[in-house]
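Subject: Structure handover

Dear colleague,

Here is the structure I said I would pass on. Please have it open while you read the notes below.

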Amino acid sequence: MPDLSSIVGDLDRLMESVQREAEQARDRQRDPQLEAAGSALDGQVTVKLSPDGRVNELVLADEVMKLPARELAREITSALNQAWAAAKSADPAAAAAAVVDPAALAERMNKLRQESLDNMSRITESLTDVMRKIDRRLDS
């Protein structure tokens, strides 16, 4: 049967692993190579989305500015939808990460890890004290 200190060590390693994964997700969001792009009107309307789904860039050729507002809006929407679909199909993990703020998650995981370690240390100390008292009573 494992002792409490090895359990605490296992929990620490698990929490550290989860924290590392959250930090990697945060870093992936900052990777410009994970941008998704879409276009309409033979490239005259282009949209680039960041991994978290925000629009990084919207480029409109001068010629499209002459289009009626409704038609231009429809083409921008088409380019946005194409970029969104590209992001979703290219990296499902990035699409899922768009819903979560990885930086906040990593920070919360770090705090949770520390709280867990502190709690487990207190529990270990309490159990050690109880065991010493039991040993003293048995020796008497």
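The notes below go from the overall fold to the sheet and then to the core.

Please keep in mind that this is a predicted model.

Overall fold

The protein has four helices and three strands. Along the sequence these elements follow the pattern α-β-β-β-α-α-α. Of its 140 residues, 23% count as buried. The accessible surface is about 9,900 Å², and carbon and sulfur atoms hold 54% of that. As for contacts with a separation of 6 or more, 56% are between residues 24 or more positions apart.

The sheet

The three strands make an open sheet in the order β1-β2-β3, with antiparallel pairing. β1 (36-40) and β3 are the edge strands; each has a single partner strand, so one side of each has no neighbour in the sheet. On average, neighbouring strands are turned by 10 degrees against each other, direction ignored.

β1 and β2 run antiparallel and are joined by five bridges. Within this pair, Ser39 has Thr46 of β2 as its bridge partner.

On the other side of the pairing scheme, β2 (residues 45-49) and β3 (residues 55-60) are also antiparallel, over five bridges. Here Val47 stands opposite Leu58 in β3. The two strands form a hairpin with five residues between them. One residue of the turn, Gly53, has a positive phi of about 95 degrees.

The core

Which residues make up the largest nonpolar core? There are nine: Ala40, Val45, Val47, Leu49, Val64, Leu72, Ile76, Ala79 and Ala83. Two elements, β2 and α2 (69-90), give two or more residues to this core. α2 gives the most, with four residues.

Val47 therefore appears twice in these notes: as a member of this core and as the residue opposite Leu58.

Val45 is another core member, and its contacts are worth listing. Leaving aside neighbours within four places in sequence, Val45 is in contact with Gly38, Ser39 and Ala40, with Val59 and Leu60, with Val64, and with Glu75, Ile76 and Ala79. Among these contacts, Ala40, Val64, Ile76 and Ala79 also belong to the nonpolar core. Ser39, also in contact with Val45, is the residue paired with Thr46 through a bridge.

Regards

Definitions and conventions: Residues are numbered from 1 along each chain as its sequence is written. This is a predicted model: local features need pLDDT of at least 70, side-chain atom pairs count only at pLDDT 80 or more; totals for chains, interfaces and linings use all residues. Side-chain values use heavy atoms; hydrogens and water are left out. Two strands pair if DSSP finds at least two bridges between them. Buried means under 20% relative accessible area, exposed over 50%, partly exposed in between (1.4 Å probe, protein chains only). Contact means heavy atoms within 4.5 Å. Accessible areas come from the Shrake-Rupley method with a 1.4 Å probe; for residues, only the protein chains shown count as cover. Axes are lines fitted to C-alpha atoms, for helices over the stretch in contact, and angles run from 0 to 180 degrees between N-to-C directions. A nonpolar core is a set of buried Ala, Val, Leu, Ile, Met, Phe, Trp, Tyr and Cys residues joined through side-chain atoms within 4.5 Å.
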